[in-house]
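Thanks, everyone. I'll put the model up now and go straight into it.

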Amino acid sequence: RATAPGAPAGAAYLTVTNGGKEADRLVAASSPAAKTTELHTHIHDNGVMRMRPVEAIDVPAGGTVALKPGGLHVMLMGLNAPLAQGSTFDVTLTFEKAGPIGVHAAIKQPPVVDSEE
């Protein structure tokens, strides 16, 4: 997702598909776009949504896992530059069995939330 100018962090959302016959685990992510890249999730903590790092993300054999807002995601901290809509950046996803896989991520604008409900 695109970030505001000067924002120190951003998030990447994607769908991971495992076409193999064995389950795998996403164990790390890295990107030259940020100083630190972590796997995160959101948890409810006394009625407040908080982000927390996770050790790994399980990807079932023949299945998919959606990394999306409000759930699992890749957190990019210490951005080297704002994530600008229409631009791209590289991310390396490292799996326990499949090893490192490079992804070219497209930066999109976050959806507009209607606040007049």
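Start with the lining of the largest pocket: β10 gives the most to it, four residues. One caution before going on: this is a predicted model. The pocket holds about 300 Å³ of space. Its lining counts 18 residues, and the closest to the centre are R1, A12, Y13, A105 and A106. Which elements give two or more residues to that lining? They are β1, residues 9-12, β9, residues 88-95, and β10, residues 99-106. By class, the lining has 14 nonpolar residues, two polar and two charged.

Now the second largest pocket. Its volume is about 210 Å³. Here 16 residues form the lining, and T17, N18, D24, F95 and A98 are the closest to the centre. Two or more residues each come from β2, residues 14-17, from β9 and from β10. β2 has the largest share, with four residues. The class split is eight nonpolar, five polar and three charged residues.

So much for the pockets. On to the sheets.

Take the sheet with β10 in it. It is an open sheet of four strands, in the order β6-β3-β9-β10, with antiparallel pairing. β6 and β10 are at the edges, and each has a single partner strand, so one side of each has no neighbour in the sheet. From one strand to the next, the twist averages 40 degrees. Inside this sheet, look at β3 and β9. They run antiparallel, joined by four bridges. One place to look is L26, whose bridge partner in β9 is F95. You have met F95 already, among the residues closest to the centre of the second largest pocket.

Stay on β10 for one residue, I101. Is I101 buried or exposed? Neither label fits. Its relative accessibility is 39%, so I101 counts as partly exposed; the buried class stops under 20%, and the exposed class starts over 50%. For a sense of place, measure across to V91. I101 and V91 are ten residues apart in sequence, and their C-alpha atoms lie 8.4 Å apart in space.

Next, the other open sheet. It has four strands too, ordered β1-β8-β4-β5, and the pairing is antiparallel. The edge strands are β1 and β5, residues 48-53, each pairing on one side only. The twist averages 40 degrees from strand to strand. β4 covers residues 34-45, runs antiparallel to β5, and is joined to it by six bridges. At the end of β4, D45 stands opposite V48 in β5. The hairpin of β4 and β5 has two residues between the strands, and N46 takes a positive phi near 55 degrees there.

There is another pairing to point out, between β2 and β7. These two strands pair in the antiparallel sense, over four bridges. T15 stands opposite A66 in β7. Now rotate to see the faces of β7. What sits on the covered face, and what on the uncovered one? V65 and L67 make up the covered face, while T64 and A66 make up the uncovered one. In a regular strand, side chains alternate between the two faces of the sheet. So T15's opposite number in β7, A66, belongs to the uncovered face.

Last topic: the core. The largest nonpolar core has 22 residues, and L76 and F89 touch the most other members. Which elements give two or more residues to this core? The list is β3, residues 24-30, β4, β6, residues 57-59, β7, residues 64-67, β8, residues 73-79, and β9. Of these, β9 gives the largest share, four residues.

To close, follow β9 through the model. β9 pairs with β3 over four bridges. It gives two or more residues to the lining of the largest pocket, and two or more to the lining of the second largest. And β9 has the largest share of the core. That is the tour. Happy to take questions.

Terms used. Residues numbered from 1 in each chain as written. Predicted model: local features only at pLDDT ≥ 70, side-chain atom pairs only at ≥ 80, totals over all residues. Heavy atoms only, no water. 1 Å grid on protein atoms, 1.4 Å probe; cavity = no way out; pocket = protein on both sides within 12 Å on 5 of 7 lines; lining within 4 Å. Points joined across faces, edges and corners; volume = space filled by probe spheres on them. Nonpolar A, V, L, I, M, F, W, Y, C, P; charged D, E, K, R; others polar. Pairing = 2+ DSSP bridges. Axes fitted to C-alpha atoms, helices over the stretch in contact; angles between N-to-C directions. Core = buried A, V, L, I, M, F, W, Y, C linked by side-chain atoms within 4.5 Å. Buried < 20%, exposed > 50% of the residue type's maximum accessible area, 1.4 Å probe, protein only.
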